[in-house]
Amino acid sequence: MKLKSLALALALCAGAPAMAATCTSSFSLGTLGPSSGSFFGNDFNSAQSFNDCYTFTLSQAPTSATTTTIEWDWSSRLNIDLTSVTLSGGNLVSYINNLWSESWTFTGLTAGDYMLEVSGNVTDTHSGYGGVGYIGMLTTSGVVTPVPEPQTLAMLALGLGAVVWGGRRKSS
C-alpha cells in the first residue's frame, strides 16, 4: 500500500508544470487590493544570471495585473538583459511566462498568493565601472461594484410604491 502511495506522489510531481529556477533574491511586495500598485527592482555590480522573486497577496479579485519595467545601465562595463517575467500562484493551474517586452498584463486573477519572477543576465564587457539594474511597477486594476446612493434607493422605493398604489386603486 505504501509503495502505491509513493508511486502516485512521484507521478503527480512529474506531471506538475515546470517552474522557473530557484530564486537568487526574494522580496515581498505585501498585500495589493483591486486598484493598487507596488514598485520593485534590483541592481547588480557583477556579471551573473539572476532570477528575482517578488511575492504578493491579492486581497480581492482584480480583473488584471500589469507589470512595467525599465532597465538602467550606468556602466560601460556591464550590460543587462531581462529574459522573462513569470507569474505563478493564486488560481493559476500552471504559470504564465511572458518573454521580454516592457509591459506585461496578467488577466483573470483571483484573490490569493502570487509570485512574480524576473529573470535575466548581466554580462561583463571588461571596460569601465558602474552598475546596472531594472526597476518596475506592478499595478492591479479591478471592477469596482457600484453601491447605490441613499437618494437612488429612496427614489426606487417611491416609484415602486406609486406603481403598487396605482395598481390597487385601479382594481377597486
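Start by selecting Ser119 and Asn51: their side chains are joined by a polar contact of 2.4 Å. Keep in mind as you look around that this is a predicted model.

**Around Ser119**

Stay with Ser119 for a moment. Ser119 belongs to strand 8, and it counts as buried because its relative accessibility is 12%, below the 20% cut-off for that label. Now show what surrounds this residue. Setting aside neighbours within four places in sequence, Ser119 is in contact with Phe50, Asn51, Asp81, Leu82, Thr83 and Ser84.

**One step back: the whole chain**

Zoom out and colour the model by secondary structure. You should find 2 helices and 9 strands. Reading from the N terminus, the order is α-β-β-β-β-β-β-β-β-β-α. The chain has 172 residues, and 28% of them are buried. If you switch on a surface view, the accessible surface comes to about 10,800 Å², with 62% of it belonging to carbon and sulfur atoms. Contacts reach across the sequence as well: among those with a separation of 6 or more, 84% are between residues 24 or more positions apart.

**Next door: Val118**

Return to strand 8 and select Val118, which also lies there. With a relative accessible area of 1%, Val118 is buried. Try a distance label from Val118 to Ser84: these two are 34 residues apart in sequence, yet their C-alpha atoms are 6.0 Å apart in space. Next, display the contacts of Val118. Not counting residues up to four places away in sequence, Val118 touches Phe40, Phe50, Asn51, Asp52, Tyr54, Leu82, Ser84, Val85 and Tyr134.

**Further along strand 8: Leu116**

Select Leu116 next, in strand 8, which covers residues 112-124. Is Leu116 buried or exposed? Leu116 is buried, with a relative accessible area of 0%. Its contacts, leaving out neighbours within four places in sequence, are Phe40, Asp52, Cys53, Tyr54, Phe56, Thr67, Val85, Thr86, Leu87 and Phe106. For another distance label, pick Phe27: Leu116 and Phe27 are 89 residues apart along the chain, and 9.8 Å separates their C-alpha atoms.

**The disulfide**

One of the contacts of Leu116 was Cys53, so select that residue now, together with Cys23. The structure holds 1 disulfide, and it joins Cys23 to Cys53 with an S to S distance of 1.8 Å. Look along the S-S bond: the link is left-handed, with -90° about that bond. Which parts of the chain does the pair tie together? Cys23 sits in the loop between helix 1 (2-15) and strand 1 (25-32), while Cys53 is in strand 3 (residues 48-58), so the disulfide ties together parts 30 residues apart in sequence. The two ends also have their own surroundings. Cys23 is partly exposed, with a relative accessible area of 28%, whereas Cys53 counts as buried at 1% relative accessibility.

**Last stop: a patch on the surface**

Finish on the outside by selecting Phe39, Ile70 and Ile135. These residues form a nonpolar patch on the surface, and together they have about 340 Å² of accessible area. Click on Ile135 to see where this member of the patch belongs: it is found in strand 9 (residues 132-141). Ile135 is partly exposed, with a relative accessible area of 43%.

Terms used:
Residues are numbered from 1 along each chain as its sequence is written. This is a predicted model: local features need pLDDT of at least 70, side-chain atom pairs count only at pLDDT 80 or more; totals for chains, interfaces and linings use all residues. Side-chain values use heavy atoms; hydrogens and water are left out. Patches are made of residues with over 30% relative accessible area and no salt bridge: like charges are joined within 9 Å, nonpolar side chains (Val, Leu, Ile, Met, Phe, Trp, Tyr) within 5 Å. Accessible areas come from the Shrake-Rupley method with a 1.4 Å probe; for residues, only the protein chains shown count as cover. A salt bridge is a side-chain nitrogen of Lys or Arg within 4 Å of a carboxyl oxygen of Asp or Glu. Helices (H or I, at least four residues) and strands (E, at least two) are DSSP runs, numbered from the N terminus. Buried means under 20% relative accessible area, exposed over 50%, partly exposed in between (1.4 Å probe, protein chains only). Contact means heavy atoms within 4.5 Å. A disulfide is a pair of cysteine sulfur atoms within 2.5 Å. A polar contact is a pair of N or O atoms within 3.5 Å; within protein, one must be able to donate a hydrogen and the other to accept it, and residues adjacent in sequence count only if both atoms are side-chain atoms.
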